[in-house]
Amino acid sequence: MTEQVILCVDDEEMVLNSLEMQLKEQFGDKYIYELAENAEDALEIIEELDEEGTEVLIIVSDWLMPGIKGDEFL
């Protein structure tokens, strides 16, 4: 079975940590959790995961971020 990833993107580290904690509390080790502090980093993570054959199941993204905004990223 292919590993599945939940990717969280937010420019605030506290928000990312909170999201990761809540997701792990809800889903445990069922998924891999990846965190990115901006859209550029998230795109790199997605590319790396794609090369590994790992599926990005869900992306949770902030809208207002420096550089690329969340809606542009998605």
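How much of the chain over residues 5-74 is helix, how much is strand, and how far apart are the end C-alpha atoms? Here are my notes on this one, point by point.

1. To take that opening question straight away: residues 5-74 are 47% helix and 24% strand, with 16 Å between the end C-alpha atoms. That stretch is the one UniProt labels "domain: Response regulatory", in an unreviewed entry. Keep in mind that you're looking at a predicted model.

2. For a quick map, count 3 helices and 3 strands in the chain. Reading from the N terminus, the elements go β-α-β-α-β-α.

3. Now the sheet. Its 3 strands form an open sheet in the order β2-β1-β3, and the pairing is parallel. The edge places go to β2 (32-36) and β3 (55-61); each has a single partner strand, so one side of each has no neighbour in the sheet. From one strand to the next, the twist averages 20°.

4. Have a look at how β1 meets β2. Strand β1 covers residues 4-9 and runs parallel to β2, with 5 bridges joining the two. If you want a spot to zoom in on, find I6, which sits opposite Y33 in β2. As general background, strands of a sheet pair through backbone hydrogen bonds, in either a parallel or an antiparallel way.

5. Next, helix α1, residues 13-27. This helix packs on the sheet and touches β1, β2 and β3. The direction of α1 makes about 170° with that of β2.

6. A residue to click on is L43, in helix α2 (residues 39-52). Is L43 buried, exposed or partly exposed? Its relative accessibility is 41%, so L43 counts as partly exposed, a label that applies between 20% and 50%. Setting aside neighbours within four places in sequence, L43 is in contact with I68 and F73. L43 and L74 are 31 residues apart in sequence, while their C-alpha atoms are 9.8 Å apart in space.

7. Finally, the chain as a whole. The C-alpha trace spans about 35 × 30 × 15 Å along its principal axes. A compact globule of 74 residues would have a radius of gyration near 11 Å, and the chain's 12 Å agrees with that. Among contacts with a separation of 6 or more, 68% are between residues 24 or more positions apart.

8. On the surface side, 28% of the 74 residues are buried. The chain exposes about 5,000 Å², and carbon and sulfur atoms supply 48% of that area.

Note on methods. Residues are numbered from 1 along each chain as its sequence is written. This is a predicted model: local features need pLDDT of at least 70, side-chain atom pairs count only at pLDDT 80 or more; totals for chains, interfaces and linings use all residues. Side-chain values use heavy atoms; hydrogens and water are left out. UniProt positions are given in the numbering used here, feature names are shortened, and annotations may be inferred rather than shown by experiment. Helices (H or I, at least four residues) and strands (E, at least two) are DSSP runs, numbered from the N terminus. Two strands pair if DSSP finds at least two bridges between them. Axes are lines fitted to C-alpha atoms, for helices over the stretch in contact, and angles run from 0 to 180 degrees between N-to-C directions. Contact means heavy atoms within 4.5 Å. The radius of gyration is taken over C-alpha atoms; the globule rule is 2.2 Å times the number of residues to the power 0.38. Buried means under 20% relative accessible area, exposed over 50%, partly exposed in between (1.4 Å probe, protein chains only). Accessible areas come from the Shrake-Rupley method with a 1.4 Å probe; for residues, only the protein chains shown count as cover.
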